[in-house]
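Me: I'd like a close look at one strand and its surroundings in this model. Could you walk me through how it is enclosed and what lies around it?

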Amino acid sequence: MNSMVNNHDGAVAKIATGIPGFDVIAEGGLPAGRVTLVAGTAGSAKTIFSAHFLAAGITAFGEGGVFVTFEDNPDDIRRNVRAFGWDVAAWEDAGKWAFVDVSPEQEGPPPVVGQFDLGALLARIEHAAQRVNAKRVVLDSMSALFMTLTDRSLLRTELYRISMALKRAGRTVLFTSERTDDYGDITRFGIEEFVADNVLLLRNILVEEKRRRTMEILKFRGAPHQRGEVPFTITAEGVVVIALTAQELTQKSSRVRIRSGIDELDAMCHGGFFRDSIVLVSGATGTGKTLLVTQFLAGGFSANEKCLLFAFEESRDQLIRNASAWGIDFARMERDGLLRIVNQYPHAMPMEDHLVRMGEIVEQFQPLRVAVDSLSALERVFSLRAFREFVISFTSMLKRRGTAGLFTSTTPSLLGGGSVTEKHISTLTDSIILLRYVERFGEMLRSIAVLKMRGSLHDKRLREFTIDGDGMHIGDPFRDVSGILSGLHTFVGPNEAAGDVAGAVESGMKEGA
Amino acid sequence: MVHAIRHSLRAVSRYTFRLFIAGDSLRSRQAVANLKRLGEERLGGRYDLTVIDVISDPASAEAARVLTTPTLVKEAPTPARRVTGDLTDAVLVMMALGLESDHDLRTE
């Protein structure tokens, strides 16, 4: 497999880096045979990103790489990246990876008498690159070199010369450089961006007392890329970029229907949910959201489909006990290998890590149905922006796989009302189901409505439902109540309601948005 | 008296230099010429010089961890010392390598 990405419309050719998510935001990868500056503050993961670029070149494409280190000595780098499963020493033995060690020596740089250049450095890099037939070269970091050599015009000339030599040989180059500020000048002296064709910024910022890593492609000379900051994280496999709005365009829309696990609800949805659709279930506490999730999973089980539940609120035992109260045997479904319950504490890790971990579990278990109970639990611990990014990324991942998703969201007030969750993600979901309490003459009733269903006819009426030992039973529409969704419902006279029935049936089934 | 002993000790020592250059450039030639002049004028010709072109022998540059060219390495007598540049100023080169010249001693 070759990393070269097809070059169309005369745009600059790119090479896939192999860093998860990066090639999505870079629309193919890094411009091939060009120099990219990777700039960031201390601790922004420049070295890890660079090392991953070389490691992925070797593991995914069999392309050799050279790591020129001006800062850490090669032993430290070998040890530090071992945690990501990268055996650099073995790659060195196999002639795939070569270090050029320019890390500081104890005695310091030699004194200068007269004119000099970086001819030796260039010769060493070229020598190493030829030895491993390098397609990728990393220089980490320029800032450390600039501490040794202070003549800026010399540095500018020499970096330009080194860049040109590497580019002429068709090698794709990363320079790293340390910034003092996440939102200030790109580099201290402006030399690196003069030499580089492309600029990638890595950030490690504090948002609402939490550390957040982002990257931004500031420019790709003559090549398209996504704009703005995207989050990324460091996992046990290295850098993972959370590509937002990713692959949206390539997703195919399924016309295949699946059973929700509740026959009456399928009827309301004109035959069930779509195979690759994302359904949001909104309701106050106790309205039956977890029940709906449970029946959705049971529906998957009876169709012999693998189901995955991410539970953020209740423990596994609790969930199994609840399900059995409704006549559903989660334990058996698990034994049959058709159900997996994953309990996670929302507080346990930042958004990016939740996302990566959930993605790994989905990848590994290959479910056809995924439920998240509840999204609100995540919303409480993420920043608003992170929450929205999470939903975008997670839903597009499910859609890409053609997996059905059912998410729950808890409304803060018992009667009526929407939640912050819905406000921010309603446009990202295909269908929305509302569960609401209705108080009638001192009695609490439950109502269900399909608020929206993209690409399908659906029942527009609010129906009453009850819960017993067999689960949810959806009954007739409320005919004598108005204003349930606002929470300020009133009862209308029987005559008035009766006159409306014919109209409700007519208008109840109309083409969805 | 002290000077005489020092002078006699120095008289038996020989200097070993390695000079790293990058190709046959004006800068390379100047460095070689400047070093040879220094060797004759200040070290009484008691030196051995190996010139290494990093372009044809990059492995030696890698092994010696040379970054800049020209770089002069004084390997003997120990301790090894380095200086980089085209060696235009002989006095500064001598200082950088921790050497005292015959010429300076004679004038004392």
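Reply: Happy to. One definition helps before we start: a residue is called buried if 20 or more other C-beta atoms lie within 10 Å of its own, with C-beta atoms placed from the backbone. Please keep in mind that this is a predicted model.

With that cut-off, look at strand β8 (residues 172–178) of chain A. Six of its seven residues are buried, so the strand is largely enclosed by the rest of the structure.

Now for the strands that pair with β8(A). Strand β4 (residues 35–40) of chain A runs parallel to β8(A), and six bridges join the two. To find your place in this pairing, go to A:Ala39, which stands opposite A:Ser177 in β8(A). Strand β7 (residues 134–140) of chain A also pairs with β8(A) in the parallel sense, here over four bridges. A good landmark for this second pairing is A:Arg136, which stands opposite A:Thr172 in β8(A).

Next, move along to A:Val137. Leaving aside neighbours within four places in sequence, A:Val137 is in contact with A:Gly65, A:Val66, A:Val68, A:Ile125, A:Ala129, A:Leu166, A:Arg171 and A:Val173. Some of these names come back when we turn to the nonpolar core. In soluble globular proteins, nonpolar side chains tend to be buried together. The largest nonpolar core here has 164 residues, and those that touch the most other members are A:Val66, A:Val68, A:Ala120, A:Ile125, A:Val137 and A:Val241. Domain 1 (4–243) and domain 2 (249–510) of chain A both give residues to this core, so the core lies between them.

That brings us to the two domains themselves. Their centres, taken over C-alpha atoms, are separated by 45 Å. Where they touch, domain 1 of chain A supplies nine residues and domain 2 of chain A supplies eight. On the domain 1 side, strand β11 (residues 229–235) of chain A has the largest share, with four residues. By class, that side of domain 1 has five nonpolar, two polar and two charged residues.

Finally, a step outward to the other chain. The contact between the chains takes 19 residues from chain A and 27 residues from chain B. On the chain A side, helix α5 (residues 119–131) gives the most, with seven residues. The chain A side as a whole divides into ten nonpolar, four polar and five charged residues.

Notes
Residues are numbered from 1 along each chain as its sequence is written. Chains are lettered from A and ligands numbered from 1 in the order in which they are written. This is a predicted model: local features need pLDDT of at least 70, side-chain atom pairs count only at pLDDT 80 or more; totals for chains, interfaces and linings use all residues. Two residues are in contact if their C-beta atoms, placed from the backbone, lie within 7 Å. Ala, Val, Leu, Ile, Met, Phe, Trp, Tyr, Cys and Pro count as nonpolar, Asp, Glu, Lys and Arg as charged, and the others, Gly among them, as polar. Domain bounds come from an automatic or database domain assignment. A nonpolar core is a set of buried Ala, Val, Leu, Ile, Met, Phe, Trp, Tyr and Cys residues joined through C-beta atoms within 7 Å. A residue is buried if 20 or more other C-beta atoms lie within 10 Å of its own, exposed if 12 or fewer, and partly exposed in between; C-beta atoms are placed from the backbone. Two strands pair if DSSP finds at least two bridges between them.
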